[in-house]
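Visitor: Could you take me through this structure step by step, with the reasoning behind each answer?

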Amino acid sequence: MRDHMAARGPDGAGAWYGEADRIGLGHRRLAIIDLTDNGHQPMQSADGRCTVTFNGEIYNYRELRRDLEAAGCVFQSQSDTEVLLHLYARQGVAMVRALRGMFAFALFDARERVTLLARDPYGIKPLYYSDDGWTCRFASQVKALLAGRKISHEPDPAGQVGFYLLGSVPEPFTSFRAIRALPAGCTLLIDRTGAGAPERYHAIAAAFERADLDAGGEANEYDKVTACRAALLDSVRAHLVADVPVGAFLSAGIDSGALVGLMRDAGAQRIETVTVGFDEFRGTAQDETGLAGEVAQLYGTRHTTRIVTRAEFEADLPEIVTAMDQPSIDGINTWFVSKAARELGLKVAISGLGGDELFGGYPSFRDIPRWVRAFAIPSQVPLLGAGVRRLGSVMTGRLGINPKAAGLLEYGGTYAGAYLLRRGLFMPWELARVLDPDTIRDGLARLQPLQLIGAALQPDAHDNFARVATLESALYMRNQLLRDTDWASMAHSLEVRAPLVDSVLLAHVAAAAGSARRKGKQVLAAAPSRPLPAAVTGRAKTGFTTPVETWMRAFVTDGDGRLRSTDIPWARDWSRVVGARFPATTHA
Amino acid sequence: MGAGLEPGRRRTVSGNNSRMTVLALISDGFGAPGGIAQYNRDLMTALSQSSAVRDIVALPRFGQVGAPTPPKVTQRRPQPGRLSWVVNACEMALQLPFDILFCGHLNAAPLAALIARGRSKPLWLQVHGIEAWAKPGTAIRKATARAHLITAVSRHTRARLLSWCDIDPARVRVLPNTVDARFHVRAYPSELASRYGLVGRKVILTVGRLAAGEQYKGHDRIIGALADVRLNVPEAVYLVVGSGDDQLRLEAAAVAAGVRDHVIFAGQVAAEDLPDHFRLADVFAMPSTGEGFGIVFLEAAASGLPVIAGHRDGSADALADGVIGTLIDPGNRNELVTALIGALRAGRAGMPPDGVERFAFPNFATQVDALVRHHFH
């Protein structure tokens, strides 16, 4: 199991066994903080009570360490891992609330005879577990758990249906019935009775609900935006903590550009940036390399543009599918930019991931509230929505319009339904195109997609912007973007850090959600002391277009090897290509 | 009617330091024969030893009036009629104060869930084996999903239940059978061996019902393998303990396989005579595909017998994944033949293998206590 994840930690390996070999912890190390052997894991407390295996980074570990030392704790290393041991000894499970960072860890407490599993608030770092009633197993990857050969490969219909509904498998489900994800922002205790239920300690919805969304209105806006900018700088500064150089992914967008500017403000001296370019886009508006180069020049970074070709894509595809931990329709772009960063010798790179969720960068921020307003009342008329959808689904096929349009009346009246429409890959009534009837029935019953989406909105912030920001962060970003970033970067032994995915920053931005709604990413663009140029801030949003989509299409062929009809969104075809490569994702 | 408990939430039933009353709806109680009765008795006994439990009131369908019970356990008069048992259970549940409703059989889950909901008390459901493997009807599925805690006798039964029940897996725990201390290595019963004509023979033993509805136990697989086994171990003989309506079919199978003279049908054996029958044998084999757990494997192992079982069902738990005995693919005749020959040639170990003590009663009682505290306290 452990060595299946060798790429995630090429710098070392460790194992620890206790309780007469009834418990074992393993670790693969990517050395970033305290590069000496003192940072070796699994790490045990000096008194032998606690042993931890930890994946991720604790960005505020120096502050925590200072407080712990003031309280009398004696440290053996300079690593953030040791902070976990001391903090747990003092605070128990509640210690997770003090952590700022991305983390997944397991800590065995020999005195209480329990093992604590914990995962960061956003779910940046993955953690999967399996409890067969006798033995609990956990790992950072589903495929690593399977590699141990002790876990049933029986597919989970909820995972299968979830993948085709949303393009990624929504937690806590996985492709396999016996394996579950520890949800983001949760802890879980394993005692002699087995793995307990996950206990939530952080919810994105709660951060918005707690924030006084519009208190003071315009009068207070200046202060809130100022506080927001300070919080952005603070987050970037926190994310630079490392004993190795920290580079950055750079595109022509506001998010990554502003972060590089803030890295400079935070005191980073020698910044290595990398942009991925494509020959197909050369000389078009979609080419990001020119603008990215200007931003790099503005902030004085050492910049590299890495050209990815179709031939490279095709050559890498088998490796990509092998590295993909669970089926996903995305992650290809992260694969190549991570590959480029690693080629430059980087171990750590900053990513602008999360800006769209935090500052309303997606069309969903406009569409979803609008749909809910328009369809809230008619969607409550019994049978009307389903009837319109049945008629409409025939028409959309004939007219060549997006098949989701047929479901607007049935689903558009609630935030959960409208979100499914906006982000959905296949609609529930279309699943028969990709899955067998039993899998669809059982999967929908287990998954309960609308309830799953709706649960992310609890507690309700009573604010449209906050609701969409919550949905995008707790579902799309968590299950798709962050997971893809994890496998696609760690396959290259690269740690990606996302300062815009930070629970401390979230609390500040949530308090300024009214400003974020009105000003959008201008708040972010203006955050560096040297603001982004107008060419970047005024650039029309192109979406995340790359020729990869065109290349993917080439793999979507019918039985005769011809390209399939292109009347449906490319991602649907791509999902079938990916699904076919995952044994647990059965096709009809 | 009060509102039902929200399943899955750990709750304090009546304060952290209080002790709880368990009302147990069970099919087979004290004084009843069979494996389920034994399990129920073990569970009640373990509950009675938990300091978190004040007392246990058992409402059995079958059992004996006046059968001895452990301290803190009261068994009400058994009600063999299905309807009278249901009516009695409802009456008692309305009259008696209790904190946990225990339901000892999946088929009674709808009734138990109704009572638990009506009294706003948590439901603890026990599942044994094959009854929980296939997807049951809607009423049982809904009732099962409402249980606060489900205990399954094996990992296999747990996994099968989770394949049809959308319930938080953290609420489904494994609580295996426990092996009775009367099964241990004992002196060879020469008189009994003579009675069966087993002196000087190498004995393969199976103990189990010969029911037409339980052909999964694999008697016919051993009969089918016996001729090949005897080619290598000519003195091999198959002793079948148990009775039922499948015996004639098995006898015919032995005739057809040409081994009728080497298969002995001993019929039903009194519980007190069972340990001696284990001592007669050189290997215990039951290549079953339908065991919820298979307590008989542990009884055989505790008696010092090498054990052979199938790997497709709860037997894997009873054999501790092969620590206690040999797991084979029950559908693979060659594997069975090889395992039987190997065991007969190796002979009895004389001592129970490591791992049997895992299923000793003290461990069982500790686990019951932990479950009560974790899920209800």
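Guide: A definition comes first: two strands pair if DSSP finds at least two bridges between them. Please keep in mind throughout that this is a predicted model.

Visitor: Which residue is the bridge partner of B:Thr151 in strand 7 of chain B?
Guide: Strand 6 of chain B, residues 149–152, pairs with strand 7 of chain B in the parallel sense, and three bridges are found between them. For B:Thr151, the bridge partner in strand 7 of chain B is B:Arg173.

Visitor: Which strands of chain B stand at the edges of the sheet, each with a single partner strand?
Guide: The sheet is open, has seven strands with parallel pairing, and follows the order 3-2-1-4-5-6-7 in chain B. Neighbouring strands in it are turned by 20° against each other on average, direction ignored. Because the strands at the edges have a single partner strand each, one side of each is left without a neighbour in the sheet, and these are strand 3 (73–75) and strand 7 of chain B.

Visitor: What angle does the direction of helix 13 of chain B make with that of strand 6 of chain B?
Guide: Helix 5 of chain B lies across strands 5, 6 and 7 of chain B, and runs at about 165° to strand 7 of chain B. Helix 13 of chain B also packs on the sheet, where it touches strands 1, 2, 4, 6 and 7 of chain B. The angle between the directions of helix 13 and strand 6 of chain B is about 155°.

Visitor: Which element supplies the largest share of the side of chain B that touches chain A?
Guide: The contact takes 15 residues from chain A and 16 residues from chain B. On the side of chain B, at least two residues each come from helix 5 (155–164), strand 7 (172–174) and helix 13 (361–376), and by class that side has eight nonpolar, three polar and five charged residues. The largest share, five residues, comes from helix 5 of chain B.

Visitor: What radius of gyration does chain A have, beside that of a compact globule?
Guide: Chain A has 24 helices and 17 strands, and its C-alpha trace spans about 70 × 55 × 55 Å along the principal axes. A compact globule with 588 residues would have a radius of gyration near 25 Å, and the value for chain A agrees with this, being 24 Å.

Visitor: Which residue of strand 15 of chain A stands opposite A:Val274?
Guide: An open sheet of five strands in chain A has the order 15-14-13-16-17 with parallel pairing, and its twist averages 30° from one strand to the next. Strand 14 of chain A, residues 272–277, runs parallel to strand 15 of chain A and is joined to it by six bridges. The residue of strand 15 of chain A opposite A:Val274 is A:Thr304.

Visitor: Is helix 6 of chain A roughly parallel or antiparallel to helix 19 of chain A?
Guide: Helix 6 (residues 221–238) and helix 19 (residues 503–511) of chain A pack with their axes 9 Å apart and at an angle of about 165°. Since angles over 145 degrees count as roughly antiparallel, this angle makes helix 6 of chain A, relative to helix 19 of chain A, roughly antiparallel.

Visitor: How many nonpolar residues does the contact of helix 6 with helix 19 of chain A have?
Guide: The contact includes A:Ala227 and A:Leu232 of helix 6 of chain A, and A:Val504 and A:Leu505 of helix 19 of chain A. By class, this contact has two polar residues and one charged residue, while the number of nonpolar residues is eight.

Note on methods. Residues numbered from 1 in each chain as written. Chains lettered and ligands numbered in written order. Predicted model: local features only at pLDDT ≥ 70, side-chain atom pairs only at ≥ 80, totals over all residues. Axes fitted to C-alpha atoms, helices over the stretch in contact; angles between N-to-C directions. Helix = DSSP H or I, 4+ residues; strand = E, 2+ residues; numbered from the N terminus. Parallel < 35°, antiparallel > 145°, perpendicular 65-115°, else oblique. Contact = placed C-beta atoms within 7 Å. Nonpolar A, V, L, I, M, F, W, Y, C, P; charged D, E, K, R; others polar. Rg over C-alpha atoms; globule rule 2.2 N^0.38 Å.
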